[in-house]
Amino acid sequence: MNALAVYATAAVGEIAGCFSFWAWLRLDKSPLWLIPGLASLAAFAWLLTRIDASFAGRAYAANGGVYVAASLMWLWAVEGQRPDRWDLIGAAVCLVGAAIVLLGPRGAPT
């Protein structure tokens with residue numbers, strides 16, 4: 001699986017896991033929502049270990065940009081709220097930042 005697919009799948013796992021807690025605590029859903037939520041969070045953590053990066057922090061940082069964009073897709077697809085232009089601009093900035101973290105030359109002078 002290529003890095004973009006791993007990041008996208010990890011983001012969905014993280015968002016779904018966090019949403020299960022949101023649903024339980026904020027939407028008065030059953031605590032049983034936590035069972036798939038915890039499984040989703042475990043899958044998210046495992047998926048990030050599949051990223052070919054020398055350091056965990058770099059993989060996590062790049063995931064942050066993908067997470068922001070995926071969260072806005074979740075907002076639209078699951079919660080029925082269409083992202084506005086500021087959401088989209090913010091997501092684009094985050095994805096550019098993630099690309100810089102992932103693709104920046106290593107070993108270059110600082």
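pLDDT is the predictor's confidence in each residue, on a scale from 0 to 100. In the predicted model described here, the mean pLDDT of the chain is 93, and 97% of its residues reach 70 or more. Among the helices, confidence is lowest in H3, at a mean of 94, and highest in H2, at 97. Where pLDDT is low, the predicted coordinates should not be read in detail.

The chain contains four helices and zero strands, and its elements follow one another from the N terminus as α-α-α-α. The C-alpha trace spans about 55 × 35 × 25 Å along its principal axes. Of the 110 residues in the chain, 29% are buried. Among contacts between residues at least 6 apart in sequence, 61% join residues at least 24 apart.

The description of helix packing begins with helix H1 (3-26) and helix H2 (residues 34-48). The axes of H1 and H2 come within 8 Å and cross at roughly 155°; an angle over 145 degrees counts as roughly antiparallel, and H1 and H2 are therefore roughly antiparallel to each other. The crossing in which H1 passes H2 is left-handed. On the side of H1, the contact is formed by Val-6, Tyr-7, Thr-9, Ala-10, Gly-13, Glu-14, Ala-16, Gly-17, Cys-18, Ser-20, Phe-21 and Trp-24, which meet Leu-34, Gly-37, Leu-38, Ser-40, Leu-41, Phe-44, Leu-47 and Leu-48 in H2. By class, the residues of this contact of H1 with H2 divide into 13 nonpolar, six polar and one charged.

The loop between H1 and H2 holds Asp-28, a residue other than glycine whose phi is nevertheless positive, near 55°. Asp-28 has a relative accessible area of 70% and is therefore exposed, the cut-off for that class being over 50%.

A second packing arrangement involves H1 and helix H3 (residues 56-77). The axes of H1 and H3 lie 8 Å apart, and the two helices pack at an angle of about 65°, which makes H1 roughly perpendicular to H3. H1 passes H3 in a right-handed crossing. In this contact, Tyr-7, Ala-8, Ala-10, Ala-11, Glu-14, Ile-15, Ala-16 and Phe-19 in H1 meet a set of residues in H3 that comprises Arg-58, Ala-59, Ala-62, Asn-63, Val-66, Tyr-67, Ala-70, Ser-71 and Trp-74. The contact of H1 with H3 has 13 nonpolar, two polar and two charged residues.

Ala-16, found in helix H1, is listed among the H1 residues that meet H2 and also among those that meet H3. Residues up to four places away in sequence not being counted, Ala-16 touches Ser-40 and Trp-74, of which Ser-40 belongs to the H2 side of the contact with H1 and Trp-74 to the H3 side of the contact with H1. Ala-16 and Asp-28 are 12 residues apart along the chain, and their C-alpha atoms are separated by 16 Å.

The third arrangement joins H3 to helix H4 (residues 85-103), the two helices packing at an angle of about 155° with their axes 8 Å apart. With 145 degrees as the limit above which helices count as roughly antiparallel, H3 and H4 are therefore roughly antiparallel to each other. The crossing of H3 past H4 is left-handed. From H3, Arg-58, Ala-61, Ala-62, Gly-65, Val-66, Val-68, Ala-69, Leu-72 and Leu-75 take part, meeting Asp-87, Ala-91, Cys-94, Leu-95, Ala-98, Val-101 and Leu-102 in H4. Sorted by class, the contact of H3 with H4 has 13 nonpolar, one polar and two charged residues. Arg-58, Ala-62 and Val-66 are listed in this contact and are also included among the H3 residues that meet H1.

Within H4 lies Ala-98, whose relative accessible area is 7%; Ala-98 is therefore buried, given a cut-off of under 20%. Leaving aside its neighbours within four places in sequence, Ala-98 is in contact with Ala-62 and Gly-65, both of which are listed on the H3 side of the contact with H4. Ala-69 is also listed on the H3 side of that contact; Ala-98 and Ala-69 are 29 residues apart in sequence, with a C-alpha to C-alpha distance of 11 Å.

Note on methods. Residues are numbered from 1 along each chain as its sequence is written. This is a predicted model: local features need pLDDT of at least 70, side-chain atom pairs count only at pLDDT 80 or more; totals for chains, interfaces and linings use all residues. Side-chain values use heavy atoms; hydrogens and water are left out. Axes are lines fitted to C-alpha atoms, for helices over the stretch in contact, and angles run from 0 to 180 degrees between N-to-C directions. Angles under 35 degrees count as roughly parallel, over 145 as roughly antiparallel, 65 to 115 as roughly perpendicular and the rest as oblique. A crossing is left-handed if the near helix is turned anticlockwise from the far one by less than a right angle, and right-handed if clockwise. Contact means heavy atoms within 4.5 Å. Ala, Val, Leu, Ile, Met, Phe, Trp, Tyr, Cys and Pro count as nonpolar, Asp, Glu, Lys and Arg as charged, and the others, Gly among them, as polar. Buried means under 20% relative accessible area, exposed over 50%, partly exposed in between (1.4 Å probe, protein chains only).
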